[in-house]
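Hi,

Here is the structure I promised to pass on. Have a look at it first, and my notes on what turned up follow below.

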Amino acid sequence: MSDSPEEPSLDEQIAAYQREFDDLDPQVEKVVSALGRLNRRMNVAYGRQVADLGISNTEWEVLKTLVLSGAPYRLGPGELAKRLGLTPAAMTHRIDRMAGEGLVTRDRDENNRVRVIVELTDEGRTKWLEAMRMASYFEEDLLQDLSGAERGVLGELLIRLLRRVEHEQPDAGGRLTDLD
């Protein structure tokens with residue numbers, strides 16, 4: 001049975017790949033294809049959650065990056081762009097939109113009037129916290145069929161895969177193109 005009318009099941013996909021590509025390892029393809037589909041579906045779910053809060057995925061990424069920077073949740077636009085893998089122009093557009101929505105402020109650095117600082121507002125932090133609450137419910141539900149030990153093993157295995165990609169392609173953390 002297919003996952004959706006447009007998309008074949010993983011088994012159907014792998015069988016088609018094997019038919020067309022003799023050297024395919026079906027175990028590898030099953031893992032990689034399942035991870036890809038899971039990632040896409042999780043991104044859709046997260047996107048719906050933040051949309052319910054009146055923010056976009058791209059705005060969520062900025063809020064998250066500011067929170068990860070630590071209190072007082074301030075970064076320059078260039079540093080934000082670098083951390084998000086965006087061009088400065090795309091970052092400026094994003095900051096303009098978010099400042100207009102009251103999620104961040106953009107002010108001159110008092111110690112260096114040339115430098116601009118983007119800071120998370122109380123409204124932005126509230127949106128971030130609510131998105132985190134919604135995501136934690138979703139994630140707990142997603143993993144409900146796995147025991148604590150299975151979750152631990154899965155987490156370690158995924159981290160090993162992530163480390164491999166990061167080692168082999170250290171520049172793959174950003175984006176090839178901007179999403180705005």
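One definition before the details: I call a residue buried when its relative accessible area is under 20%, and exposed when that area is over 50%. Also keep in mind that this is a predicted model.

Let's begin with helix 4, which covers residues 77-84. Its buried residues are Leu-80, Ala-81 and Leu-84. Looking down the axis of helix 4, these buried residues fall within an arc of 100 degrees, so they line one face of the helix. Gly-78 and Lys-82, on the other side of helix 4, are exposed. What do the buried residues of helix 4 pack against? The partners are helix 3, helix 5, strand 1 (74-75) and strand 3 (112-120). Right after helix 4 comes Gly-85, with a positive phi near 70 degrees.

Now for helix 3, residues 57-68, which has two helix contacts you may want to look at. Two packed helices are described by the angle between their axes and the distance between the axes, and I give both below.

With helix 5 (residues 88-100), the axes come within 11 Å and cross at roughly 90 degrees. That makes helix 3 roughly perpendicular to helix 5. On the helix 3 side the contact is made by Thr-58, Glu-59, Glu-61, Val-62 and Leu-63, and on the helix 5 side by Met-91, Arg-94, Arg-97 and Met-98. Sorted by class, this contact has 4 nonpolar, 1 polar and 4 charged residues.

With helix 6 (residues 122-142), the axes come within 10 Å, and the crossing is at roughly 100 degrees. Helix 3 is therefore roughly perpendicular to helix 6. Here Trp-60, Leu-63, Lys-64 and Val-67 of helix 3 meet Gly-124, Arg-125, Lys-127, Trp-128, Ala-131 and Met-132 of helix 6. The split for this contact is 6 nonpolar, 1 polar and 3 charged.

One residue in helix 3 deserves a closer look: Glu-59. Is Glu-59 buried or exposed? Its relative accessible area is 2%, and the cut-off for buried is under 20%, so Glu-59 counts as buried. Apart from neighbours within four places in sequence, Glu-59 is in contact with Gly-54, Arg-97, Met-98, Glu-101 and Leu-103. Arg-97 and Met-98 also turned up above, on the helix 5 side of the contact with helix 3.

Next, the loop between helix 3 and strand 1, where both Pro-72 and Tyr-73 lie. Most residues other than glycine have a negative phi, and most peptide bonds are trans. Against that background, Ala-71 and Pro-72 are joined by a cis peptide bond, with omega about 10 degrees. Tyr-73 is not a glycine, yet its phi is positive, at about 60 degrees.

Finally, the whole chain. There are 7 helices and 3 strands, in the order α-α-α-β-α-α-β-β-α-α along the sequence. The radius of gyration is 20 Å, whereas a compact globule of 180 residues would have one near 16 Å. Along the principal axes, the C-alpha atoms fill a box of roughly 65 × 35 × 30 Å. Of the 180 residues, 27% count as buried. As for contacts between residues at least 6 apart in sequence, 51% join residues at least 24 apart.

Over to you!

Cheers

Key. Residues are numbered from 1 along each chain as its sequence is written. This is a predicted model: local features need pLDDT of at least 70, side-chain atom pairs count only at pLDDT 80 or more; totals for chains, interfaces and linings use all residues. Side-chain values use heavy atoms; hydrogens and water are left out. Axes are lines fitted to C-alpha atoms, for helices over the stretch in contact, and angles run from 0 to 180 degrees between N-to-C directions. Helices (H or I, at least four residues) and strands (E, at least two) are DSSP runs, numbered from the N terminus. Angles under 35 degrees count as roughly parallel, over 145 as roughly antiparallel, 65 to 115 as roughly perpendicular and the rest as oblique. Contact means heavy atoms within 4.5 Å. Ala, Val, Leu, Ile, Met, Phe, Trp, Tyr, Cys and Pro count as nonpolar, Asp, Glu, Lys and Arg as charged, and the others, Gly among them, as polar. Buried means under 20% relative accessible area, exposed over 50%, partly exposed in between (1.4 Å probe, protein chains only). The arc is that of the directions from the helix axis to the C-beta atoms. The radius of gyration is taken over C-alpha atoms; the globule rule is 2.2 Å times the number of residues to the power 0.38.
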